[in-house]
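Biologist: Please take one part of this model and go through it closely. I would like each term explained as it comes up.

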Amino acid sequence: MSERAADSPVPPAAANAATPSTNAPSVPELFRGFFKVTITGFGGVLAWARREFVQVRRWLTADEFNDLFALCQFLPGPNIVNFSIIYGWRLHGLAGASASFIGLMAPPVVLMIIAGMLYERFGALPEFRGGLTGLAAAAAGLLIMTAVQMAEPLWRKREIAPALIAAATFLAVGVLQWPLLWVILVLAPLSIALAWRAVR
Amino acid sequence: MKDDIGTLFTLALLFTLLSFLSVGGAISALPEVHRQAVDLHGWMTDRQFAEIVAIAQAAPGPNVLFVTLIGQHVAGIPGALVATFFMCGPACGVAFFVARAFDRFKEKPWRRAVQAGLVPLSIGLVAAVALIIARTADRDAATIAITAATFAITYWTRISPLFALGIASAVGFAGIL
């Protein structure tokens, strides 16, 4: 993102010109784009959004996408939701932010509520118990895979301190089931201090 | 409990707090949701929690939407909407207003330190989620085998996770589990 686009508090008509990516979308295109990635986005929307917005539609370059997403990860709130609001606002102000946000959230929320109604109605029936048992077991495998994939860079770079922080977080929250607030208040500053020493 | 304003208020408060604590991604909030929903409030059993998370994983859309199902289980459709809104609204509002300021610090070492420092926490939290779900879902040799197979397929091949979820529920539905 260019400095100009990042800075503008008011919907910037000029941001389109200042943004190096060529195909900045219109408001309806924003809605359609986020709609598409969210309904195809099984297992999280990030990978799909990157493919669609960077490679297929070329709204953003890979670097612009990574920069903006890193910012959204850093800020509080669900990452991709932040992404839709900030990106939509930068291009078209309130209309852009609303189009992106509604496109991203409305379809899966409706689907989720329907799924929830089916679960509440039929989930306890013996015919569906087996299916749900299998689904939950597979979900556990998927979560283990995600954790291992995330931890991989630590192994590869032989980073001892971050690995210990990750292990301590796992122990405190997963095994001992301590409240998240206290675990974060203690471990986050410690981890950031260690990272600070490493980046300096 | 279904129409209880107090319950909706509790949900709103819980998810507002969690939205600020979910470091790295919404999924990091899951262990705390489990602690509150199962252990503290008794809104659901371990098993219901695991199933709800599994359904959310199988559905399309942002990962954060597991809160929609949790809210719905606790307080119906109002619960679903309250949980979703408060998990996104307040934190995204803050994010929106500080995005400008923080973007300027992109190259500053302290920002890189904060970002790098939060990574190990989110790894530990996702591992904790995996443990919490596995502890409930894996109760015999067959379910452990499904978990292991799903891990192997999704980790070592490029086959879609959806395929693994589909096969696993089909196997269960056929009465093998």
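Modeller: What follows deals with the contact side of chain B, then with one helix pair, and ends with some context. This is a predicted model, in which local features need pLDDT of at least 70, side-chain atom pairs count only at pLDDT 80 or more, and totals for chains, interfaces and linings use all residues. Residues are numbered from 1 along each chain as its sequence is written, while chains are lettered from A and ligands numbered from 1 in the order in which they are written.

The contact draws 89 residues from chain B and 81 residues from chain A; two residues are in contact if their C-beta atoms, placed from the backbone, lie within 7 Å. On the side of chain B, two or more residues each come from H1 (5–21), H2 (30–40), H3, H4, H5 (109–137), H6 (141–156) and H7 (161–173). Helices are DSSP runs (H or I, at least four residues; strands are E, at least two), numbered from the N terminus. H5(B) supplies the largest share of that side, 25 residues. By class, the side of chain B has 62 nonpolar, 20 polar and 7 charged residues. Here Ala, Val, Leu, Ile, Met, Phe, Trp, Tyr, Cys and Pro count as nonpolar, Asp, Glu, Lys and Arg as charged, and the others, Gly among them, as polar.

Two of these helices also meet within chain B. The axes of H3(B) (residues 46–58) and H4(B) (residues 66–104) come within 8 Å and cross at roughly 140°. Axes are lines fitted to C-alpha atoms, for helices over the stretch in contact, with angles from 0 to 180 degrees between N-to-C directions. The angle makes H3(B) oblique to H4(B): under 35 degrees counts as roughly parallel, over 145 as roughly antiparallel, 65 to 115 as roughly perpendicular and the rest as oblique. From H3(B), Gln48(B), Ile52(B), Val53(B), Ile55(B) and Ala56(B) meet Phe66(B), Leu69(B), Ile70(B) and His73(B) of H4(B). The residues of this contact divide into 7 nonpolar, 2 polar and no charged.

As for confidence, chain B has a mean pLDDT of 90, with 98% of its residues at 70 or more; pLDDT is the predictor's confidence in each residue, from 0 to 100. For the complex, the predictor gives an ipTM of 0.89 and a pTM of 0.85. The partner, chain A, has 9 helices and 0 strands.
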